[in-house]
Amino acid sequence: MDKLVIEGGRRLEGTVTISGAKNACLPILAATLLSDEKSVIRNIPSLRDIATMLKILKNFGARVVQDGDVITVEPKGYTKYTAPYDLVSTMRASICVLGPLLAKQKKAEVSFPGGCIIGPRPIDIHLKGLSALNAKLKVERGYIIADGSKMRGSHIYLGGHFGSSVLATANIMMAATLIKGVTTIENAACEPEVMDLAAFLVKMGAKIKDYGSHRIIVEGVKKLHGADHSVIPDRIEAGTYMIASAITKGDVTLKNAKLEHLIAVEDKLSEAGIDIKKVPNGIRVRGARRLKPIDVTTLPYPGFPTDMQAQVMSLMTVTDGISVITEKIYPERFIHISEMNRMGANIILEGANAIVKGVKALSGAPVMASDLRASAALVLAGLVAKDRTDVHRIYHLDRGYEKIEEKLTKLGAKVWREKDK
Ligand code: EPZ
């Protein structure tokens, strides 16, 4: 396994190009299974999670051709409907093949994804929604075994203990495109990635109204065709580079990033004193000499994203004063705290509230995190820390950040990849 080595203390400057959104690509790739025809998906980042989804599609019998950031999927004649444990266990997002398989093949067997390092992550909302569409579901041998032969449209409340669910909304919306009748999804997630999936489905011929709101209406059609689609830029990658600029008091322009997808992040970072401006085809972020502490609560979109919680915490570790960061989506998503404290941060966890007392400086250390965003946050801390930081197990970073060391180096950071012992 590789590690990333960072020699901190350099100001970042210049332009970084933001890649396509991983979390939009994954359900969109799954949605190609709804048609027999060829679909072309553009602006796909080169990431481990994308490679896993392509393996899953190939495993079902779809033909997949990759040419740079363009992927062509031709599912014509695919007959398999089992997503096996060895693929699903490496990526929870594999669950989003359940809806397309049920709608198209009328049956599905998908390994139960189980928990993960950021918390228990159940799938009850997915199952509740599919049951409401009259799918027959059972769990056997660790698999969800589903029969969709009698599915029909329905009125569904798709909420759970922590609000709406991104991938459950994706799953139900995809399932509803090809079944008889009208489906109304109440409390639907309205994340930009859900909207991008809906836009792709509409290009395939689906009848979907009001996506982007908390009530999505889908009228089933008999058949969907292939489509050509370019995915939206990755708002979480963009947010991470916004903080890379802020934490190094830098001046970075994020090419392709959409500020309208980052309203809550813009709001909070501006409150901290960071200068954020929309520029043609991107966002310019300039750090301030002195930052102010901020209180942040993660919420479903358009609230502050949980996928940016660890990164904003890195910034607050070196900001004078006390910041409180409250996690309302995954109350256990705090594995980065102990690693940040090893670098000299002063963070206490009380329930789902992290109390961050800003320190004058962080000092480089060997660190490790078993979660994608936590790893990104440690890289950010490494950029500002004195001396050398070794971020071990960057397997996780490679799941979600395309060419991170290349992009940071281009901005002036001293960062490189090494083989870990
Ligand atoms: C998506 O996961 C993202 N993944 C996650 O990004 C992101 O953290 C999350 O949405 C929240 O924004 C992809 O899009 C591939 P949820 P998802 O269902 O859809 C609870 C990253 O770093 N819940 O919206 O699986 C759940 O436990 C990843 O890129 C249930 O209780 O998340 C959480 O508390 C990590 N039952 C809340 O809902 C369910 O059946 C929201 O989760 C489903 C979810």
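Trainee: What phi does Lys-249 take just after helix 8?

Mentor: Lys-249 takes a positive phi of about 55°. Helices here are DSSP runs of H or I with at least four residues, strands are E runs of at least two, and both are numbered from the N terminus. This is a predicted model, in which local features need pLDDT of at least 70 and side-chain atom pairs count only at pLDDT 80 or more, while totals for chains, interfaces and linings use all residues. Residues are numbered from 1 along each chain as its sequence is written, and side-chain values use heavy atoms, with hydrogens and water left out.

Trainee: What lies at the start of helix 8?

Mentor: Look for a polar contact (N or O atoms within 3.5 Å, one able to donate a hydrogen and the other to accept it within protein; residues adjacent in sequence count only if both atoms are side-chain atoms). Here a side-chain oxygen of Asp-234 comes within 2.9 Å of the backbone nitrogen of Ile-236. At the start of helix 6, a side-chain oxygen of Ser-165 is within 3.1 Å of the backbone nitrogen of Ala-168.

Trainee: How many residues of helix 8 are buried?

Mentor: Buried means under 20% relative accessible area, exposed over 50%, and partly exposed in between (1.4 Å probe, protein chains only). In helix 8, 13 of its 13 residues are buried. For helix 6 the count is 10 of the 12 residues, so the rest of the structure largely encloses it. Among its buried residues are Asn-171 and Met-173.

Trainee: Where is Glu-109?

Mentor: Glu-109 belongs to strand 7 (residues 107–111).
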